[in-house]
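Welcome, and please load the model in your viewer with residue selection ready to hand. We will go from stop to stop, selecting a few residues each time.

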Amino acid sequence: MSRMCVLLAVLLAAAPLQAQQQYDFIRYSISEGLPQSQVFAAMQDSRGYMWFGTQGGGVCRFDGIRFETFTTDMGLPSNYVNAVYEDAAHHIWVGTNRGFGWFDGKKWQTEPSFTESVSTIGEIASGDILIGYSSWMAVANAKGVSEYPRRGITSRAPVYALHKTPRGIWVATNKGAYLLDQPGQNLTTANGLPSNLVRALARDARGNLWLATAGGIAVVDETHLKVLTVFQNPLLQNALCLRPDGDGNMWAGTSDSGISIWSPADSSWTHITEQQGLPHNHVRALVRDNSGNMWAATSGGGVVRFVTQDFRHYDRSDGLAGDRIYAVLEDHSGRIWMSVSQNGLQVMDATGLHRFEGDSGYLNIKCRTLAEDKFGRIWAGTEGRGIAIFDSTGMRTLTKADGLPGDFIQKIVSDPRGDMWVATTYEGIARISLNDSNAFSYKIIGKKEGLADRRITTMALDTFGSGAIYFATQSGKVGWISTVKLASKPDNHVGHVWGSNAGLPAVPIRCLAFNGKDKIWVGTKGEGIYRLMSDAGSNDYTFQPLQSPRPLSSKNIYLLQFDPFGNLWVGSENGVDKISFEKNGFDVAHVEHFGKNEGFAGIETCQDAAIGDRAGNLWFGTMNGLTKYTPSNRKFRGSVPVLHFENISLFYKPLRETTYSKWAGADGGLLEGLALAWNENHLSFEFRGIDLNRPDAVRYRWKLDGASNADWSPLSTRSSVNLAGLAPGQYTFWAQATSDGTAFSAPLKASFSVKKPFWQVLWFQLVVGCFLFAVVYLFFKNRIRRIRQAEAAKREQLEVQNRFLQLEQKALQLQMNPHFIFNALNSIQSLVSTGDAAAARQELNAFARLMRSILSNSRRQVISLKEEAETLEQYLRIEQFCQQNKFEFSIRLPENTDPDEIELPPMLLQPFVENAVIHGVSHLQYEGKIEVSFRINSFPSGPGLLECTIRDNGVGREKAAMIRRERKPGHSSLALEVTRERLEALKNGLEYEALEYSDLADHRGNTSGTQVVIRLPLQMNY
């Protein structure tokens, strides 16, 4: 951004006027981003932005670096803006030639019903907005726009300005000034005003009211409404604006005479016009910013910011022959010499700047150094042409051919004895003794004299110590050479050299400075400043880097220069830094930067191009001209940025556009009480610090109270923070801004909380805990119940198995019927008695097979149906042999099923077959029949049933029971009871009839036999 920095002199008016203050200013116009050069309104808002209303370019705000413009395309009622105002709610109001509008920080709103040309805007205690226009005032509020009552004012009048004082709001009109709503409290020509046309009002530090009128400026005792003073100088007429500054001065901007500044010290005026460089004499508005700087808005010349520092800058407009000043020198008569670009030398004296013609064009190359010898001659060291020496008789040159070690001259220094020391860029150092004005003798200091690195970058005389010559090299070394003969060293020999072993960085050293004995300061290329320190209790010296509360604007040091107050000025590519020290002269108290915004218009300094003159002024050679600084021992007064929230986002969406919009403050911050859901925990904070003095130097730091690491972050230019994945808890976000690293803005604060997820809430944990306890309780209870049931089932199963075993044993015992065995053996014996041995052997073998089969089956849990059928067949054949009454029998197995694959418990059917034989067919007078048949029946809740039907053609159950009672009264069939119990046990909970008895009848209804049906669960063994 280019800015013109111009020294404004004092213009004397008709009355005796004196210059009170030197003012530099910086201009901002279209080339710097201002949308239009006619600026009619200016204001600084609470966030630090400067606002400018233009004629045709809309309104813009300025942060010190960039202009942001708002026009009708963004909601303004017109691009011709006459007034800008900030209300208590921090809304920005603009008055245009077609009504007014307001800005809430995000968007513009207008009142379409009001289209008058607005000249001024204010606010009353109720918060309503006053709108001054061409015929009176309107009031704007939530109800709309209406005319403000004219209490005590008889007729309409245009309102030019509104000004609030402790007594109320003053209204400036073309009929005088009135206190709003206070009839009779007015100021007109009747009170002594020079004119009733009042354009502006202001209040000075003494509490007096100033009125700018068409006839001059009046100072009024507001309490008594008495005119104290009237200034009617022609330059003060037609004043349009008034503003007091921080020093008690009153500034007045006029329509055609620029700016006039009144000083209370001697009641004198200083006038600043286009003649002194003001861009335009038509000044429409004056503003004092929060750093104390004054701003002036002009109609046609843009905006200027006044910098009340003690700098005076010289450039081509002042007569410099070039832009770059490589070397500066004050001679014995107080004249300032300077090397200007490749344009030779120039001299400044009491009459101004002058071109030096004595070189006859010889110095059309870079001249790095200037010095004066004891004869008053000026020595100029060049790059490539050696040294040019000037006196009243002309110019003399010294080159390598004359005895110099080289023609590229880096520095020339005169010692107390009058000898000239010359440092060359590549060939070491030369001592030139001046025997008289014409006789020179040379002594070269090189490697033989202890100068290991002959690439000399700078050289300086220690005026506080022994008067030694100190030099620095390209390799980062500092050494000294005594200017007098030392007993410990050969004449003109290097006394000592410090390097990296003494703490210096291995980079080129550009400049040296002294502020006391053994207090040596070193400026390096890219590594900042180092100072020589002595170790306590020893004679050892080391270099240590400068420690300061605020970092320098650059570590790339070009020059070092002390002022009369002991402050160290440090030049770099960014301007100069002023370092103030504590009383010990070493500890840094403050660092203050001066660059473009602070009035140091030269910006980049040149190497070693700085001097302090006899009057105590500092002179700096820069890449953009010559700058003079008149030191003052003023207190450090740094500005701090004004910090504000720009935006707060939730998952990168502005908070005001989310469901949490009611917690989005109008100022961009957070209202108290924001509680985010556990999964809405990604907040972004954007903030901005405005420092119009040092906009490029603003740095930020932040911290988050409630986080694991709640310390302040390091300073950085980053102005946004993303907080992702926040854990549940209470948080407070803090942010601060600084321009110098020591003075910080008031912290921004945003408190919020992240709720716990429902599973971390106490009630949920209690519910879950109770639920888990219930589940565990029920689980263990069910487990115990199941264990008990399993144990009961196992016990029941064991009991059943035991019962089965007992029943099987009983069944075995019952099958081993002694009567049956006795009868069988008797029958076999009868065969033996009759001599039928073959038949006896056959029956005996059959009986043995039956016994073996019964004993074998009794050892098994199940047998196949085929084995059971074979056992029954063996039994029935023996019964046929033993019974007197003959009978036949048949056994039918299931169809379509292999009897070997069907399993059933052993000794289950034999009792029923035996019963059919004994109680059924054994009493018949005719041949009996016994039928045993098997079939498989389906069953809905199981694999099926094996059904065995035993049918005989005997006497029937009733007659058989009668015969049994006659033979054995009270006898019951134990085998049948045991078998019935076994059948019931085999059901295992299934619902079916295990045993059925029925009598058979012939066609006449007489009993013709008995049928027994035995059912048991089907078991298959594939």
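**Stop 1: two residues with positive phi**

This is a predicted model, and the tour begins at I603. With a relative accessible area of 26%, I603 is partly exposed. Follow the chain around it and you will see that I603 sits in the loop between β54 (588–594) and β55 (605–612). Now check its backbone: phi of I603 is near 65 degrees, a positive value in a residue other than glycine. Why is that worth a look? Most residues other than glycine have a negative phi.

Next, select H90. What is the phi of H90? The value is near 70 degrees, again positive in a residue other than glycine. H90 belongs to the loop between β7 and β8 (92–96), and its relative accessibility of 44% makes H90 partly exposed.

**Stop 2: the largest cavity**

Keep H90 selected, since H90 is among the residues closest to the centre of the largest cavity. Add D45, R47, I92 and G105 to complete that closest group, out of 14 lining residues. The volume of this cavity is about 120 Å³, and the structure has two cavities of 30 Å³ or more. Colour the lining by class and you should find five nonpolar, three polar and six charged residues.

**Stop 3: the largest pocket**

From the cavity, go on to the largest pocket, which has a volume of about 1,300 Å³. Which residues are the closest to its centre? Select T120, I121, A161, L162 and R243; the lining as a whole has 44 residues. To see where the lining comes from, show these strands, each of which gives two or more residues to it:

- β3 (39–44), β7 (81–86) and β11 (118–123)
- β15 (159–165) and β19 (198–203)
- β23 (239–244) and β27 (283–288)

Colouring by class here gives 27 nonpolar, nine polar and eight charged residues.

**Stop 4: a hairpin**

Select residues 216–221, strand β21, together with residues 226–231, strand β22. Do the two strands run parallel or antiparallel? They run antiparallel, and five bridges join them. To line them up by eye, pick A218 and look across to V230 in β22, which stands opposite. β21 and β22 form a hairpin with four residues between them. In that turn, click on L225, which has a positive phi of about 55 degrees.

**Stop 5: salt bridges**

Side chains of opposite charge can pair when their charged atoms come close. How many salt bridges are there in the whole structure? There are 26, and a few of them make good viewing.

Start with R61 and E68, where the closest N and O atoms are 2.9 Å apart. R61 is buried, at 11% relative accessible area, whereas E68 is partly exposed at 37%.

Move to D331 and R335, whose side chains meet in a salt bridge of 2.8 Å, N to O. D331 has a relative accessibility of 1% and counts as buried, while R335, at 32%, counts as partly exposed.

Then pick R368 and E383, a salt bridge with an N to O distance of 2.6 Å. R368 lies in strand β35 (residues 367–372) and E383 in the loop between β36 (378–382) and β37 (387–391), so this pair ties together parts that are 15 residues apart in sequence. R368 is partly exposed at 24% relative accessibility, and E383 is partly exposed at 28%.

Finally, select R935, E947, E996 and R1015 together: salt bridges that share partners join these residues into one network.

**Stop 6: helix α5**

The last selection is residues 910–921, helix α5. Try a distance between its end C-alpha atoms: they are 16 Å apart, which agrees with the 16 Å that 12 residues should span at 1.5 Å a residue.

Now switch on a surface for the rest of the structure. Is the helix largely enclosed or open? Of its 12 residues, 10 are buried, so α5 is largely enclosed by the rest of the structure. To see the buried residues, select Q910, P911, F912, V913 and E914, then add A916, V917, H919, G920 and V921.

Definitions and conventions. Residues numbered from 1 in each chain as written. Predicted model: local features only at pLDDT ≥ 70, side-chain atom pairs only at ≥ 80, totals over all residues. Heavy atoms only, no water. 1 Å grid on protein atoms, 1.4 Å probe; cavity = no way out; pocket = protein on both sides within 12 Å on 5 of 7 lines; lining within 4 Å. Points joined across faces, edges and corners; volume = space filled by probe spheres on them. Nonpolar A, V, L, I, M, F, W, Y, C, P; charged D, E, K, R; others polar. Expected span 1.5 Å × (residues − 1). Buried < 20%, exposed > 50% of the residue type's maximum accessible area, 1.4 Å probe, protein only. Pairing = 2+ DSSP bridges. Salt bridge = Lys/Arg side-chain N within 4 Å of Asp/Glu carboxyl O.
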